[in-house]
Amino acid sequence: MFILAALLVTVPKAQAFEPLPKHEVSLQYGYVTAPEFALMFAGIFGTLFSLGSASMSEIKCTGEISGQYYHRLGERWMVGCAGGYEHAGLSFEDSEGNVRTASVNGHFMSLLPSAKLYWNSKMHFAMYTKVQAGATMTVMPDDDDENHQKADLGCYISFNLVPAGMEFGGESLRGFAELGFGTQGIISVGLKKTF
């Protein structure tokens, strides 16, 4: 919120903005996500609390793949929603090197209402800040169930904050890159279409 307030104060009011379309759809891939951080910490603590009898073997994360839609409210503001999916797993090995059953092997599905503030917008380049908050549902299959028909379901509040995002390309089709933190990752790249 401090970043948004600082941007509103520092961006000159008289800055000329190019006309921007009303709608935007995008496909995005994010790397180093919140579930990946959680698994990393779970692996470290699991290794410490086992007192040497087990160690973290492997963390597998697909990264977050998300689709997004935004609608323009004004010259600088857009609101919308992002839906994303990620698969992640963590496994341990014992002191003899045998891989144990994964402690976490799950699917993460997020739904994040979003707001974007453009603080520089030109015909072929734009910069923005993005704030997202919503929920992530988790589906953790029961490893003891041979048919994988049982699963633990969960839900938690999730967020994503992007202090710096940039777009580049044509008037209606652009690539973009974001640096942020949260459900969609520290580094995100994607492609968007406006109309």
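Trainee: Which residue forms a salt bridge with Glu-167, with the closest N and O atoms 3.1 Å apart?

Mentor: That's Arg-174. Keep in mind that this is a predicted model. The general idea is to look for a side-chain nitrogen of Lys or Arg within 4 Å of a carboxyl oxygen of Asp or Glu. Glu-167 and Arg-174 fit that, with 3.1 Å between their closest N and O atoms.

Trainee: How many salt bridges turn up in the whole structure?

Mentor: Six. Another one joins the side chains of Glu-167 and Lys-116, at 3.6 Å from N to O. This pair ties together distant parts of the chain, 51 residues apart: Glu-167 lies in strand β7, and Lys-116 in strand β5.

Trainee: Are Glu-167 and Arg-174 buried or exposed?

Mentor: Both are buried. To judge that, check the relative accessible area: under 20% counts as buried. Glu-167 comes in at 2%, so it passes that cut-off. Lys-116 is buried too, at 3%.

Trainee: Which residue does Glu-178 pair with in a salt bridge?

Mentor: Lys-130, and there the closest N and O atoms are 2.9 Å apart. Here again distant parts of the chain are linked: Glu-178 sits in strand β8 and Lys-130 in strand β6, 48 residues apart. Use the accessibility reading once more: Glu-178 has 4% and is buried, and Lys-130 has 1% and is buried.

Trainee: Which residues are linked in a network of salt bridges?

Mentor: Glu-24, Lys-116, Glu-167, Arg-174 and Lys-192. You've already met Glu-167 with its partners Arg-174 and Lys-116, so try finding them in the structure above.

Technical notes. Residues are numbered from 1 along each chain as its sequence is written. This is a predicted model: local features need pLDDT of at least 70, side-chain atom pairs count only at pLDDT 80 or more; totals for chains, interfaces and linings use all residues. Side-chain values use heavy atoms; hydrogens and water are left out. Helices (H or I, at least four residues) and strands (E, at least two) are DSSP runs, numbered from the N terminus. Buried means under 20% relative accessible area, exposed over 50%, partly exposed in between (1.4 Å probe, protein chains only).
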